[in-house]
Structure formats: C-alpha cells, structure tokens
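Reader: I would like a close look at a single part of this protein, with the cut-offs behind each term spelled out. Please take the packing of one pair of helices and set it in its surroundings.

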Amino acid sequence: MNPDRPKENNKADKRDSIRSGARFDVPYVTMNVLATVVASYGLFANSPAVVIGAMIIAMLLGPIEGVAFALVDGDPKLLRDAFLAEFGGVAIVLVTAFVLGLIHRDIPISSEILSRTSPNFLALMIALGGGAAGARRPAEQAASERADWRPTSAAAACRRAKASRCPRG
C-alpha cells in the first residue's frame, strides 16, 4: 500500500481489483485451461511439484474473493457474476481434465492420482492448516485497513495502555 495515496483511492483500487478478478473472460478461461493441462500432466507424470505449480497458475480464487466481497458489500450483480465465473471455471476445468483423461487412457494410474482419490485425516489437516495460513494475512490486512488495527501481544497492548500490572513479554 502506498502511504502517499489517500485510503479512499486504495480502497477503490482494491474494489476494482476484486471485481476484475471475478470476471469470466478470456484470460480467466485461458489460465484455468492451462492450469488444468499442467495439473493433468503432473498427475500423469506422478509429480506433486508440477501439480502444486498448476495450483499457482489457476485463477479460481478470483471469483471466490468476488463472492465474499459481494456478500460483504451487498452487491447482487457482483455476486451473480462471481458465482457464474466460479461455476463456469470449474466446469471448464472438469471438461478439460476429462478430455485429457480420455486422450491418455493408456497411461497407468499413478500413486499421485490414487492419493487424490482417497483423502484421509492427514489430507484434511493439511488442507485446513494451509487454508488457515492462506487466509490469515489477508484477514489481518483487511482488519488493519478498517480501523488501523494491528495484531499484537497482550503484553504490548498493556504497555501501550500504560497499565500498572502488565505481563512481561
């Protein structure tokens, strides 16, 4: 965030960024198709690193942010557009993966593919931990922009308040 720019402009820029990320357009479709191709061939090659790389390429998070923003902001048009973009993106990903699977029926099922067909408790905990870690920073940024809030320890908050009994730390 540029400190020289007024907060209103930064908020407007963020709104515009979220709205543009929630659109169903040619770059969105192209990147999701390419991410699906990379992920599919990563699975065929039994390469977890390639599958993770495909997750970075995919643009399915933009419409999810659009849905969240639309719900908070009360914007029914953005909500509808973001839902359509998300469902359209998922449909395109599924069709692309299905076509690639049909083309490469002769490739044996790898351990990478099998591991994704039977998730267990460890996979659940990895997903929850990763999701929480990924959500933490944007949540802190949003909170700090709303009220100049900064996460801090109880001891530091106590010292700032100049209370007489502050814990050490």
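Author: What follows describes one helix pair, then the nonpolar core, then the chain as a whole.

This is a predicted model, in which local features need pLDDT of at least 70 and side-chain atom pairs count only at pLDDT 80 or more, while totals for chains, interfaces and linings use all residues. Residues are numbered from 1 along each chain as its sequence is written, and side-chain values use heavy atoms, with hydrogens and water left out.

The axes of helix α2 (residues 26–44) and helix α3 (residues 48–57) come within 8 Å and cross at roughly 170 degrees, the axes being lines fitted to C-alpha atoms over the stretch in contact, with angles from 0 to 180 degrees between N-to-C directions. That makes α2 roughly antiparallel to α3, a term for angles over 145 degrees. On the α2 side, Met31, Ala35, Val38, Ala39, Gly42 and Leu43 meet Val50, Val51, Ala54 and Ile57 of α3, where contact means heavy atoms within 4.5 Å. The residues of this contact divide into 9 nonpolar, 1 polar and no charged, with Gly counted among the polar residues.

The largest nonpolar core comprises Ala22, Val67, Phe69, Ala70, Leu78 and Ala82; such a core joins buried residues (under 20% relative accessible area, 1.4 Å probe) through side-chain atoms within 4.5 Å. Helix α4 (61–73) and helix α5 (76–103) each supply at least two of its residues, and α4 gives the most, with 3.

Over the whole protein there are 8 helices and 0 strands, taken from DSSP as runs of at least four residues for helices and at least two for strands, and 21% of the 169 residues count as buried.

Technical notes
Buried means under 20% relative accessible area, exposed over 50%, partly exposed in between (1.4 Å probe, protein chains only). Angles under 35 degrees count as roughly parallel, over 145 as roughly antiparallel, 65 to 115 as roughly perpendicular and the rest as oblique.
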